[in-house]
Amino acid sequence: MKRLLISFCYCLFVFSSFGQEGEQGITINNEIDSLYREDQFYAGVTFNLLVNKPRDVSQSGFSGGLHLGFIRDMPINKKRNFAIGLGLGYSLNIYIQDLFIGEEEGAEKSIFSSLNEVEYDSNKFSTHLIEAPLEFRWRTSTPETHKFYRIYTGVKMGYIYSFSSNFEQPNNQVKQTTVDGLNRWRIGATFTFGWNTFNFHFYYSVNTLFDETARINEEAVGLNTLKVGLMFYIL
């Protein structure tokens with residue numbers, strides 16, 4: 001009986017010790033990170049609009065964009081609710097419109113015209129960009145929660161590394177990948193706001209898509225891009 005009592009007390013001590021170790025382990029795992037960072041990865045979808053168009057050029061159908069990237073979040077105050085974000089990303093954009101982009105025969109020179117009175121099946125151009133976003137960030141986040149309000153504003157520097165236009169009509173197709181007057185370097189202003197998962201995103205290009213050499217008759221093609229959509233952030 002005495003041995004049984006001693007064995008029971010020993011087992012109780014061992015289990016108690018394990019329990020304390022488990023509680024300590026849980027405490028370590030739930031330790032609050034006072035040096036947390038927010039919103040390191042982003043993914044977004046947008047509806048793309050062309051503004052400042054030539055008189056006879058218009059959009060039709062759905063023009064969309066897909067945006068992916070990584071942003072290094074760098075808090076600048078003790079509460080960590082203000083930060084600077086600097087990153088690198090990829091952007092795919094498709095524009096369905098009636099601006100024809102072709103090439104003058106024998107001259108290898110780009111030509112632009114409106115398809116306003118032309119019968120065709122489809123006409124669009126697409127761009128692939130490498131982008132570097134720079135943001136000033138404000139949020140209501142705390143170390144205990146990742147559900148918060150946010151307002152991010154800044155600029156995006158981008159480079160169009162691939163451009164393609166595609167015109168199709170019965171028994172005729174015109175594709176162009178090299179276009180005179182294309183402004184490959186892009187500068188845009190960005191504004192994002194929201195709460196938790198859903199965040200509204202706006203982008204407006206400061207410089208035009210085509211420079212002054214791209215013209216329809218005597219009118220500059222120009223074109224600024226406006227993107228409106230949703231942005232999703234992941235730690």
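**Entry 1: Glu212 and Arg215**

I began with glutamate 212 and found its salt bridge to arginine 215, with the closest N and O atoms 3.1 Å apart. I note here that the model is a predicted one. I then checked the cover on both partners. Glutamate 212 has a relative accessible area of 57%, so I list glutamate 212 as exposed. Arginine 215 comes out at 33%, so I list arginine 215 as partly exposed.

**Entry 2: salt bridges elsewhere**

How many salt bridges does the structure hold? I count 6. I looked up aspartate 73 next. Its side chain meets that of arginine 137 in a salt bridge, 2.9 Å from N to O. This pair links distant parts of the chain. Aspartate 73 sits in strand E2, residues 64-75, and arginine 137 in strand E6; they are 64 residues apart.

Are these two buried or exposed? Aspartate 73 has 0% relative accessibility, so it counts as buried. Arginine 137 also reads 0%, so it too is buried. The cut-off for buried is under 20%.

Arginine 137 has a further salt bridge, to glutamate 135, with 2.8 Å between the closest N and O atoms. Glutamate 135 is buried because its relative accessibility is 7%. I then followed the links outward. Asp73, Glu135, Arg137 and Arg139 belong to a network of salt bridges.

**Entry 3: Gln97**

I went to glutamine 97, in the loop between strand E3 (82-96) and E4. Its relative accessibility is 1%, so glutamine 97 counts as buried. What lies 3.2 Å from a polar atom of its side chain? I found the backbone oxygen of tyrosine 95 there.

I also listed its contacts, leaving aside neighbours within four places in sequence. Glutamine 97 touches Leu50, Ser58, Gln59 and Ser60. Tyr120, Asn123, Lys124 and Phe125 are in contact with glutamine 97 as well.

**Entry 4: nonpolar cores**

I turned to the largest nonpolar core, which has 18 residues. Which residues have the most contacts inside it? They are Leu99, Phe112 and Phe210. Strand E4 (99-104), strand E6 (122-139) and E7 each give two or more residues to this core. Another core lies apart from it, with 6 residues, among them Tyr42, Ile71, Phe148 and Tyr152.

I took phenylalanine 112 for a closer look, again setting aside neighbours within four places in sequence. Its contacts include Leu99, Phe100 and Ile101. Val179 and Asp180 are also among them. So are Phe210, Ala214, Arg215, Ile216 and Val221. Arg215 thus returns here as a contact of phenylalanine 112, after its salt bridge with glutamate 212.

**Entry 5: nonpolar patch on the surface**

Last, I looked at the surface. Leu88, Ile130, Met157, Tyr159, Tyr161, Trp185, Ile187 and Val206 form a nonpolar patch there. Together they have about 810 Å² of accessible area. Strand E7 (149-169) and strand E9 (185-195) are the elements that give two or more residues to the patch. Which element gives the largest share? E7 does, with 3 residues.

I picked out one patch member, tryptophan 185, which is found in strand E9. Why does tryptophan 185 count as exposed? Its relative accessibility is 58%, and the cut-off for exposed is over 50%.

How values were computed:
Residues numbered from 1 in each chain as written. Predicted model: local features only at pLDDT ≥ 70, side-chain atom pairs only at ≥ 80, totals over all residues. Heavy atoms only, no water. Patch = residues over 30% accessible without salt bridge, like charges linked within 9 Å, V, L, I, M, F, W, Y side chains within 5 Å. Areas by Shrake-Rupley, 256 points an atom, 1.4 Å probe, with all protein chains shown as cover. Salt bridge = Lys/Arg side-chain N within 4 Å of Asp/Glu carboxyl O. Helix = DSSP H or I, 4+ residues; strand = E, 2+ residues; numbered from the N terminus. Buried < 20%, exposed > 50% of the residue type's maximum accessible area, 1.4 Å probe, protein only. Core = buried A, V, L, I, M, F, W, Y, C linked by side-chain atoms within 4.5 Å. Contact = heavy atoms within 4.5 Å. Polar contact = N/O pair within 3.5 Å; in protein donor to acceptor, adjacent residues only side chain to side chain.
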